Amino acid sequence: MVVIGAVLIAAAAVLAVLAARAVRRYAAHRGIERVRPRALAAMRGEDVSLTGAAVAGPDGAAESRLARLPCVWHGHEVLRHYRPVDSGAAAGEGERRADSIAEYASEEPFALVAPGEEGAAAPVLVDPADAEVLGADLALQRVVGRPEKGVKAPADDLLPRVKGRIWGLFRGETIEFEYREWLLRPGDPVAVSGRVELRGGRPVITAPPDGRVRIERLGSAPGGPEAARSRRHALLLGGGTLASACAGLAMVLGAV
């Protein structure tokens with residue numbers, strides 16, 4: 001009995017070390033999933049994946065270029081629809097094609113916070129420069145026909161709002177222009193993947209050297225599976241430590 005009790009006590013000591021590590025791991029996962037700046041600052045230079053709510057950055061809420069709607073990120077594109085020059089039987093009379101002649105995506109940082117903590121001070125920032133943005137809301141899609149002789153040109157108040165220059169080779173006969181704009185709105189649930197950098201002491205999610213920041217708009221509020229798994233693991237190890245220690249002590253004391 002004494003030997004078995006000693007073995008159980010030794011096992012409890014080993015489990016106690018593992019339980020302490022599990023608790024620290026849970027605290028780290030909890031801090032990351034709650035988008036805690038201190039937890040992320042400790043991961044400087046590492047690649048992370050975070051979920052949270054997108055909110056306005058240090059410069060306040062942005063306004064989209066075309067739809068003039070409040071947002072934290074916006075991007076737009078202009079398509080030129082045209083009919084290619086007839087090259088014989090290869091081109092049908094009703095064939096249409098489209099070329100992108102303008103593209104733009106905002107680069108102002110926005111903040112990422114845990115759901116329900118939109119008013120948090122000094123939140124984690126996301127640098128969306130050249131980011132891959134998925135699932136953004138299509139807030140505007142408008143088609144404007146080309147001007148024709150003798151006909152009043154359709155109103156096109158969007159063209160002056162296009163950011164950057166119009167580019168591309170204007171081939172064939174222009175049919176119409178199509179404007180599209182996508183948004184991430186304040187409070188949208190998003191998943192962000194990138195590398196942690198410190199700027200002015202604040203953690204910022206940026207593009208890794210060999211890739212891009214990935215931002216995906218989620219369909220519902222994000223959850224916290226990693227922290228939940230770490231919590232269960234820590235509880236199991238803690239319970240095993242307590243049970244082994246109590247059983248070992250009981251056996252040793254009973255033998256004495």
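**Reading strands, patches and salt bridges**

Biologist: I see Glu108 in the loop that runs between β5 (97–105) and β6 (110–113). Is Glu108 buried or exposed, or somewhere in between?

Modeller: Happy to help, and please remember that this is a predicted model. For exposure, look at the relative accessible area: under 20% is buried, over 50% is exposed, and partly exposed lies in between. Glu108 has a relative accessible area of 41%, so it is partly exposed.

Biologist: Which residues gather with Glu108 in a patch of negative charge?

Modeller: For a charged patch, look for like charges within 9 Å of one another. Here Glu108 is joined by Asp59, Glu107 and Asp130, and together they form a negatively charged patch on the surface.

Biologist: And how do I read a nonpolar surface patch? Which residues make it here?

Modeller: The idea is similar, but nonpolar side chains are joined within 5 Å. In this model Leu159, Ile166 and Phe170 make such a patch, with an area of about 270 Å². Take Ile166 as an example: it sits in the loop between β9 (137–145) and β10 (173–184). Its relative accessibility is 38%, so Ile166 counts as partly exposed.

Biologist: Let's turn to the strands. How many bridges join β1 to β11, and in which sense do the two strands run?

Modeller: Two strands pair if there are at least two bridges between them. Strand β1 (residues 47–55) and strand β11 (residues 189–199) are antiparallel, with seven bridges joining them. To find your place in that pairing, start at Ser49, whose bridge partner in β11 is Ser193.

Biologist: How many bridges does β1 have with β6?

Modeller: Three bridges connect β1 and β6, again in the antiparallel sense. A handy landmark is Ala54, which has Leu112 of β6 opposite it.

Biologist: What about Ala114: where is it, and is it buried or exposed?

Modeller: Ala114 belongs to the loop between β6 and β7 (124–126). Its relative accessibility is 1%, so Ala114 counts as buried. You can also compare sequence and space: Ala114 and Leu50 are 64 residues apart along the chain, while their C-alpha atoms are separated by 9.7 Å.

Biologist: Now the charged pairs. How many salt bridges does the structure hold?

Modeller: Side chains of opposite charge can pair when their charged atoms come close. The model has 13 salt bridges. One of them is formed by Arg142 and Asp157, with their closest N and O atoms 2.7 Å apart. This pair links distant parts of the chain, as Arg142 is in strand β9 and Asp157 is in the loop between β9 and β10, 15 residues apart. Both partners are partly exposed: Arg142 has a relative accessible area of 33%, and Asp157 is at 37%.

Biologist: Which partner does Arg180 have, and is that partner buried or exposed?

Modeller: Arg180 forms a salt bridge with Glu178, and the closest N and O atoms are 3.0 Å apart. Glu178 has a relative accessibility of 6%, so it is buried, whereas Arg180, at 24%, is partly exposed.

Biologist: What about Glu216, and which residues do shared salt bridges join into a network?

Modeller: Glu216 forms a salt bridge with Arg214, where the closest N and O atoms are 3.2 Å apart. Glu216 is partly exposed at 29%, and Arg214 is partly exposed at 35%. As for the network, salt bridges with shared partners connect Asp127, Glu197 and Arg199.

Technical notes. Residues are numbered from 1 along each chain as its sequence is written. This is a predicted model: local features need pLDDT of at least 70, side-chain atom pairs count only at pLDDT 80 or more; totals for chains, interfaces and linings use all residues. Side-chain values use heavy atoms; hydrogens and water are left out. Patches are made of residues with over 30% relative accessible area and no salt bridge: like charges are joined within 9 Å, nonpolar side chains (Val, Leu, Ile, Met, Phe, Trp, Tyr) within 5 Å. Accessible areas come from the Shrake-Rupley method with a 1.4 Å probe; for residues, only the protein chains shown count as cover. A salt bridge is a side-chain nitrogen of Lys or Arg within 4 Å of a carboxyl oxygen of Asp or Glu. Lys and Arg count as positive and Asp and Glu as negative; His and the chain ends are not counted. The place of a charge is taken as NZ of Lys, CZ of Arg, CG of Asp or CD of Glu. Helices (H or I, at least four residues) and strands (E, at least two) are DSSP runs, numbered from the N terminus. Buried means under 20% relative accessible area, exposed over 50%, partly exposed in between (1.4 Å probe, protein chains only).
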